[in-house]
Structures are given as structure tokens and as C-alpha cells.
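Please open the structure in the viewer and keep the selection panel at hand. The stops below are intended to be taken in order.

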Amino acid sequence: MTSTIDLTRTLPHARIAELPNPYFGKVRDCYDLPDGTRLLISSDRISAFDQILAVIPWKGQVLTQLARYWFDHTADICANHVVSYPDPNVVLGRRVDILPVEIVVRGYLAGTTSTSILTQYRKGARHMYGHQLPEGLRDNEKLPHAIITPTSKAFDGGHDEPLTATEIIAQGLLTQAQWDEVSAKALALFARGAAMAADRGLILVDTKYEFGTDADGRILLADEIHTPDSSRYWIASGYEAAFRDGTRPPSFDKDVIRAWVAARCDPYTQPVPEIPAEMIAKTAEVYISAFEAITGEVFVPDTSGATPLDRVRQNLSGFFVA
Ligand code: ADP
Ligand code: MG
């Protein structure tokens, strides 16, 4: 397949000197404005193994527009941080204090990282994150009901640690009332996401939410929701056969780059080789097809402006302070 993706039209970063109080995250470049809001600009960076692996055309616009789709379709369940969308890659949100617990919700026995329930289950664990899992579950099996597997939010590059609800309260990370509220909302958000995904032939396997409190202590859903960066999706039509054969169910294969890198080096200790252009184009196509599969809408790349950064600067110029 010949790709029509222009590999030069990317937003590698959104460092804008005229905006105040920058925070440059792994994927998004953020600015806290004097009126209590935060600009979250999605770059095209793809991050894994604690580093930036590549820059993927359209990834930032896809993620922003997918988060928008889900914020719009879940606002009746949970108030969210969104104020407006000043650019296709930008969310203006109300600034909150992010709660120190990442609320991960899982509907299936899946995952590859050390904190995933499949990894722990295979090692023989049946009691994890405060839940008792039944005996005899197979790889990628649907759980009897979705569960929350919270982890401590590692500020400043530390690693996430598994928690139970009891520990969250005992350690004073959240009050009982806050836990009750975020856990109920997270399960309701996940149920909505799973049901809407199912209508589109997709399985929402697991996801991560970040909640925060505003100046009045009110809890808002912040960050992003049900994007391919924060969630795992499987293609429903291929699930049964894969589950029966014990293979990994088909998904949006946005991890081709991660797999390619992992096959060639130990990315934690060795330099990562340059990612081939065709792999970057392929990954861009995967993100775009994820947008279209999830929303049922055609992705319309915004090609205005000399470069994406020029366009973002133009659209945010009303927020410049210097
Ligand atoms: P990180 O590398 O910290 O994960 P990201 O690239 O995800 O950074 O950029 C988004 C950052 O903004 C995250 O640190 C996230 O916790 C934070 N954030 C998201 N929404 C809000 C909000 N409404 N108020 C304050 N912080 C937020
Ligand atoms: Mg993040």
C-alpha cells in the first residue's frame, strides 16, 4: 500500500515562549493560564520505555479529537475539565489538582506490563488490587465484571505501584468519599465506553482515568478519556477465534514501533535505532483508522497554516501573555 501521509507535517512539540507556566509532558505540552485554566496541546510524540520513540503525523489531532468525542458522550455521567477546543490539537481545561491515584479499569484478563492483571495471574496471583479473581481464567478472558486496579500516580518519573482501595484510604491518598465517587464514576464511564465501542464492533478492554479536584473540591474528569494512548481496544470480530486459539486478539496495532524497538535493543539501557519511515507512516494510518473505527466519522486532517506549530500559535495567540 502506498501511503499518502506527509511525514514532514508534524507537531514534534508545542514550546511557545509567549505562553506562561509551561509543563512539557511525555506527549502533551501544557500551559497554566492566569485565569485558572490549562492549555493541553497534544504533540505528535509517541512515548514508550520512558522515552520519546518517534513523531507520528496526525497523532496529536487524532488523540484530541477522540478525547473530545468521549468527553462529549460521557458528560452526563461525569463533569469533565473541558472549557473549549481552541485548535484541533488543543484542549483548554479547567486546571485541577490531579488526584494521586490513577484509576485503571479493566474488563478483561489482559496486559503485558508487570502491573497488568494477566501478568500477575500467570504468576499464580489470584488476589490483586483488593479483588479476588476466579480460578481457571484464560489469557484475555472477559472478567465476571469490570474491576478497578488503581496505581499510585508516579509524579516526577517514578514507577506506578499497585494499590487497593483500603490502602488508598489508609494512606490518605483519597478520602473515603472521594474514593466512593471516583470509583463509581470510573465504572459508569467504562460501562458507557464499552457499550458504545460494542456498537461499533470494538471491545474496550481497559483504560486509565485521571480525576482532579477544582478550587471548590469538586471532582472533575481531567486529562484524556478512552484514547488509544490511555486505553486498549480489540476488534470484536476477531476476538472469539483468538481467545479460543490462545493468541492475542486483533487490536489497533499502534504498538508496531514498540515491538520493533524491543526486538532490536534493550531500550532501557541501549540506544534506540532510528525508526524506519514506513513504520511511522503505518502508525499514522493506524491512529487515523482508530479514530474512524471508534467514532464512525471520517478523519479530516487540518492542513491549514505553514506548519502545525504555526497554526497552533495562531489559534492560541489570544492567550499570549508576553
Ligand atoms: P505526563 O508525562 O505527565 O503524563 P502528558 O503528556 O500526559 O504528561 O500531559 C498532560 C499533563 O497534564 C499530565 O501530567 C496530566 O496529569 C495533567 N493534566 C491533565 N488535565 C489536567 C487538568 N485539568 N489540570 C491540571 N493538570 C492536568
Ligand atoms: Mg500522561
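The tour begins with the ligand site and then turns to the cysteines.

The model is predicted, so that local features need pLDDT of at least 70 and side-chain atom pairs count only at pLDDT 80 or more, whereas totals for chains, interfaces and linings use all residues. Residues are numbered from 1 along each chain as its sequence is written, chains are lettered from A and ligands numbered from 1 in the order in which they are written, and side-chain values use heavy atoms, with hydrogens and water left out.

**Stop 1: the ligand and its shell**

Select ligand 1 together with the residues near it (those with a heavy atom within 4 Å). The selection should hold 17 residues, of which Tyr23, Lys26, Arg28, Arg38 and Glu210 are the closest. By class, the shell comprises 7 nonpolar, 2 polar and 8 charged residues; here Ala, Val, Leu, Ile, Met, Phe, Trp, Tyr, Cys and Pro count as nonpolar, Asp, Glu, Lys and Arg as charged, and the others, Gly among them, as polar.

**Stop 2: polar atoms around the ligand**

Display distances from ligand 1 to Tyr23, where a ligand oxygen lies 2.5 Å from a side-chain N or O atom. At Lys26, a polar backbone atom is 2.8 Å from an oxygen of the ligand. For His81, the partner is a nitrogen atom of ligand 1, 2.9 Å from an N or O atom of the side chain. Ligand 1 exposes 550 Å² when taken alone, and the protein buries 89% of that (areas by the Shrake-Rupley method, 1.4 Å probe).

**Stop 3: strands and domains**

Colour β2 (28–32) and β3 (37–42), each of which supplies at least two residues of the shell; strands are DSSP runs of E, at least two residues long, numbered from the N terminus. Next, colour domain 1 (22–97 + 263–319) and domain 2 (99–245): ligand 1 lies between them, because both give residues to its shell. The domain bounds come from an automatic or database assignment.

**Stop 4: the cysteines**

Select Cys30, which is found in strand β2, and then Cys78. Why do they form no bond? The sulfur of Cys30 is 19 Å from its closest cysteine sulfur, that of Cys78, which is too far. The whole structure has 0 disulfides (cysteine sulfur pairs within 2.5 Å). Cys30 is buried, at 4% relative accessibility, as is Cys78, at 1% (buried means under 20% relative accessible area, 1.4 Å probe, protein chains only).

How values were computed:
A polar contact is a pair of N or O atoms within 3.5 Å; within protein, one must be able to donate a hydrogen and the other to accept it, and residues adjacent in sequence count only if both atoms are side-chain atoms. Helices (H or I, at least four residues) and strands (E, at least two) are DSSP runs, numbered from the N terminus. Buried means under 20% relative accessible area, exposed over 50%, partly exposed in between (1.4 Å probe, protein chains only).
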